[in-house]
Each structure stands twice: as C-alpha cells, then as structure tokens.
Amino acid sequence: AGSILTMTADANAIVAINGDYYTHRRYGPMVRNGVTYRMEKSRTWDLCVLTYDGQLHTIQFDSYTADSIAALRPYQTWLFGPRLIADDGTAMTTFRSQVTPTNPRTVLGYYEPGHYAFLLVDGRQNDYSDGLNMQQLSKLCVELGFAAAYNLDGGRSSVMAGQSGFINKPFLNGRSITDIVYITDL
C-alpha cells in the first residue's frame with residue numbers, strides 16, 4: 001500500500017485514480033495486465049472486465065463463472081462495485097453494496113472501446129461536497145452518456161491525481177491504497 005501521488009509519479013501517469021483495493025480480497029477473478037492471479041468467483045461482488053479489444057464489461061455478481069470470464073480474454077478485472085448501469089442502458093436503482101449512502105465516489109466509465117472516463121466525486125466535506133449516494137451516482141453516469149460504469153473503492157480512497165498533485169479535494173487527504181488506474185504516454 002502507498003500514496004497515490006507516489007504511484008502516479010512512479011507510473012509517469014498523466015492522470016490516475018484509485019483502484020479497487022485488491023489486496024483486501026482473497027477471491028477474484030483478479031487479472032492485472034493480462035496475468036491471471038486467481039479466478040475464484042466472488043459470491044457477492046459485481047465484476048468489471050476490460051478485454052484486450054478495449055471493451056469494458058460490468059457483470060452482475062450472480063451471472064458469471066470463471067469460464068465465462070476467461071472466455072472474454074480479460075486484460076484487467078476489478079472487483080469492488082457495484083456496476084452502475086443496467087444492461088439496457090438505464091440507471092440502476094438497487095445495488096448489491098453496503099456503501100450506498102452519500103459518500104465520495106470513484107467511477108470507471110466507458111463509452112466504447114478505447115474511450116473511457118474517470119469520474120470522481122468528492123464528499124464528506126460539509127463546507128465543500130457531501131458526495132453522492134449510489135442511485136445519484138448511477139443517474140449521473142447515464143446522464144454523462146456512459147455505456148457502462150463501475151464503482152471502484154470510494155470514501156477516503158477516492159483520489160484523482162496528476163503529475164502536479166491532487167486533482168480533487170480528497171476527504172482527509174486520502175489514504176494509503178494498493179492500486180491505481182492511470183493514463184500515460186506510451
């Protein structure tokens with residue numbers, strides 16, 4: 001675990017957001033940069049899969065198997081959730097999550113292969129921002145035109161950073177995290 005600012009600098013990232021805090025999970029599926037570390041299925045968490053062809057899939061916790069994920073040829077997976085947009089493109093109204101009240105949020109948004117968005121909502125700061133609850137976040141993702149959207153770790157973990165430091169105003173200056181999602185020049 002470490003500082004998002006340090007990880008952003010080490011990766012020479014243009015912009016980075018916190019990831020899914022994968023080290024706090026003993027189950028998967030977990031694929032990073034095409035390497036499969038584990039394929040055990042989570043019984044409770046929605047899954048996000050980025051495939052080699054640039055598609056981003058958000059999959060409900062009870063509708064995938066290790067074989068169905070392997071068949072997608074995953075390049076990355078994230079396990080936190082929940083997914084925020086239903087298969088028919090509408091905002092979700094119920095979520096399999098214990099963190100549905102108003103909070104800071106981090107979202108990986110998807111338009112089409114190769115076109116993604118990082119969405120970060122500050123919160124827990126009465127003089128600045130309360131955050132969003134999960135229904136509000138889902139509705140915002142639909143309004144932004146995402147075809148798919150996935151909630152990553154939030155709360156104090158919700159941090160967006162660039163080469164010159166924080167882009168957002170993280171709650172209590174953020175916390176130590178284990179992974180980032182970032183964009184860099186090749």
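# Notebook: cavity, pockets, sheets and ring pairs

**Entry 1. The cavity.** I began with the lining of the largest cavity, which consists of Asp20, Tyr22, Arg25, Tyr27, Pro29, Met30, Arg32, Arg38, Thr77, Trp78 and Leu79. I note at the outset that the model is a predicted one. I then looked up which elements give two or more residues to this lining, and found β2 (30–32) and β6. Of the elements, β6 contributes the most, with 3 residues. Sorted by class, the lining of the largest cavity holds 6 nonpolar residues, 1 polar residue and 4 charged residues. I recorded about 50 Å³ of space for the largest cavity. How many cavities of 30 Å³ or more does the structure hold? The count I found is 1.

**Entry 2. The largest pocket.** I turned next to the pockets. For the largest pocket I noted a volume of about 810 Å³. Its lining comprises 22 residues, and those closest to the centre are Asn33, Tyr75, Gln76, Val181 and Tyr182. Which elements give two or more residues to the lining of the largest pocket? I found β6 (74–79), β8 (115–121) and β12 (180–183). I also looked up the classes in this lining: 14 residues are nonpolar, 6 are polar and 2 are charged.

**Entry 3. The second largest pocket.** The volume I noted for the second largest pocket is about 310 Å³. I found 18 residues in its lining, with Trp45, Phe80, Ser97, Gln98 and Val99 the closest to the centre. By class, I recorded 5 nonpolar, 8 polar and 5 charged residues for the lining of the second largest pocket.

**Entry 4. The sheet that holds β6.** Strand β6 appears in the lining of the largest cavity and in that of the largest pocket, and I therefore looked up its sheet, an open one of 3 strands in the order β5-β4-β6 with antiparallel pairing. Why is one side of β5 and of β6 left without a neighbour in the sheet? Strands β5 (56–59) and β6 stand at the edges and have a single partner strand each, so one side of each lacks a neighbour there. From one strand to the next, the twist averages 20 degrees. As a general matter, I noted that the strands of a sheet pair through backbone hydrogen bonds, in either a parallel or an antiparallel manner. I then examined the pairing of β4 (residues 47–51) with β6: the two run antiparallel and are joined by 5 bridges. Which residue in β6 does leucine 50 stand opposite? I found glutamine 76 in that place; Gln76 is also listed among the residues closest to the centre of the largest pocket.

**Entry 5. Ring pairs.** I searched the whole structure for aromatic pairs and obtained 4. One of them is formed by tyrosine 52 and tyrosine 75, with 5.1 Å centre to centre and 65 degrees between the planes, an edge-to-face arrangement. Tyrosine 52 lies in the loop between β4 and β5, whereas tyrosine 75 lies in strand β6, so this pair ties together parts that stand 23 residues apart in sequence. Are these two rings buried or exposed? I found tyrosine 52 partly exposed, at a relative accessible area of 45%, and tyrosine 75 partly exposed as well, at 30%.

I looked up a further pair, formed by tyrosine 111 and phenylalanine 146. This pair is also edge-to-face, with 5.1 Å centre to centre and 75 degrees between the planes. Tyrosine 111 belongs to strand β7 (residues 105–112), and phenylalanine 146 to the loop between α3 (134–143) and β9 (148–151). The pair links distant parts of the chain, 35 residues apart. I checked both partners for accessibility. Tyrosine 111 is partly exposed, with a relative accessible area of 37%. Phenylalanine 146 counts as buried because its relative accessibility is 6%, and the cut-off for buried is under 20%.

**Entry 6. The sheet that holds β7.** Tyrosine 111 lies in β7, and I accordingly looked up the sheet of that strand. I found an open sheet of 3 strands, ordered β8-β7-β9, with antiparallel pairing. Which strands stand at its edges? They are β8 and β9, each of which pairs on one side only. The twist in this sheet averages 20 degrees from one strand to the next. Between β7 and β9 I recorded 4 bridges, in the antiparallel sense. Among the residues involved is tyrosine 110, whose bridge partner in β9 is alanine 148.

Terms used: Residues numbered from 1 in each chain as written. Predicted model: local features only at pLDDT ≥ 70, side-chain atom pairs only at ≥ 80, totals over all residues. Heavy atoms only, no water. 1 Å grid on protein atoms, 1.4 Å probe; cavity = no way out; pocket = protein on both sides within 12 Å on 5 of 7 lines; lining within 4 Å. Points joined across faces, edges and corners; volume = space filled by probe spheres on them. Nonpolar A, V, L, I, M, F, W, Y, C, P; charged D, E, K, R; others polar. Pairing = 2+ DSSP bridges. Axes fitted to C-alpha atoms, helices over the stretch in contact; angles between N-to-C directions. Phe/Tyr/Trp six-rings, centres within 6.5 Å; stacked < 30°, edge-to-face > 60°. Buried < 20%, exposed > 50% of the residue type's maximum accessible area, 1.4 Å probe, protein only.
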